Amino acid sequence: MTVVSDPVKRFVPPPLETSTLRQRLLQGVGGSNAARGSLSKCAIQYRQFLSKYRGGDADADTIETLKQDLIHEFDLYQIEMRKMVLSIRVAHVDTEYIDREITDVESEIQKTRFEIEELRNKYPEAKKIRRNLEEFETISKKANQRPPRFELEKSIDEVNGRLRKVEDNAQKNRDEKALREKQFHLFMQSLFDLKESLAEDDDNNNNAQQQASSPSKKQKQEEDGGGEVKAMDLT
């Protein structure tokens, strides 16, 4: 579908110069409708004043009234100009304030970006710390379920005391066992010495008995030999 453009809407009027506008206002071409306190209203009042003053058909009161209306309109125009100047100053102040606010906001945004980046860099460390804290809390809960430390230390001291007593008793038993072993060895050595001594005594007694019986045998042999007949040597 083809859209036909409106040539009236596309028409742009030529710019109007200030001198042309003033001339048209003085001649009444621009119309009589204008806002109070505006330059157009002042021009209209001034045109009416000149028309009555130059025409010569107006009395002095009418001229005075038009004069006062013109002065009043100029006063209104000055007030409007002052209002415009104040508005411009307020707008300028607001603009400066807005610029400062924008600068502050941009600075805050930049600062916030830096903080976000810093927090992003610290996130792994913070995550690790949080995990450690959670583990610590878990360990703390488990530790709280157990007896206090001083009770555990007291129990450990008691166990160590009993252990020392057991070790002392064991050492005493070892010492007593060593002493008994030495005594047993001495007893066995004494018994062996006694047995050897008895054996020597038995041997001595046997030797004495043999020596005591040996002379009678010799005498008997001699007696037996005296009765024998010896052979004579005939050589």
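What does the chain average in pLDDT, and what share of the residues score at least 70? Colour this predicted model by confidence to begin: the chain averages a pLDDT of 76, and 74% of the residues score at least 70.

Select residues 1–13 next, where the pLDDT is below 50 and where the model has one contact beyond near neighbours in sequence. Then go to residues 227–235, for which the pLDDT is likewise below 50 and for which the model shows zero contacts beyond near neighbours in sequence. Among the helices, compare α1 (residues 7–10), where confidence in the chain is lowest at a mean of 41, with α4, where confidence is highest at 86.

Now select α4 and follow it from end to end. This helix has 85 residues, yet its end C-alpha atoms are only 110 Å apart, which is short of the 126 Å that a straight helix would reach at 1.5 Å a residue. Stop at Y123, where α4 has a kink of about 45°, shortly before the proline P124.

Go back along α4 and pick out its buried residues, which are I63, L66, L70 and E73. Add F49 and L50 to I63, L66 and L70, and the selection holds the five residues of the largest nonpolar core. Both α3 (39–55) and α4 (60–144) supply at least two residues of this core, with the largest share, three residues, coming from α4.

Finish by centring the view on L66, a member of that core, and display what lies around it: leaving aside residues up to four places away in sequence, L66 touches Q48, F49 and K52.

Methods:
Residues numbered from 1 in each chain as written. Predicted model: local features only at pLDDT ≥ 70, side-chain atom pairs only at ≥ 80, totals over all residues. Heavy atoms only, no water. Core = buried A, V, L, I, M, F, W, Y, C linked by side-chain atoms within 4.5 Å. Buried < 20%, exposed > 50% of the residue type's maximum accessible area, 1.4 Å probe, protein only. Helix = DSSP H or I, 4+ residues; strand = E, 2+ residues; numbered from the N terminus. Contact = heavy atoms within 4.5 Å. pLDDT = per-residue confidence, 0-100. Expected span 1.5 Å × (residues − 1). Bend = angle between axes of the 7 residues up to and from the residue.
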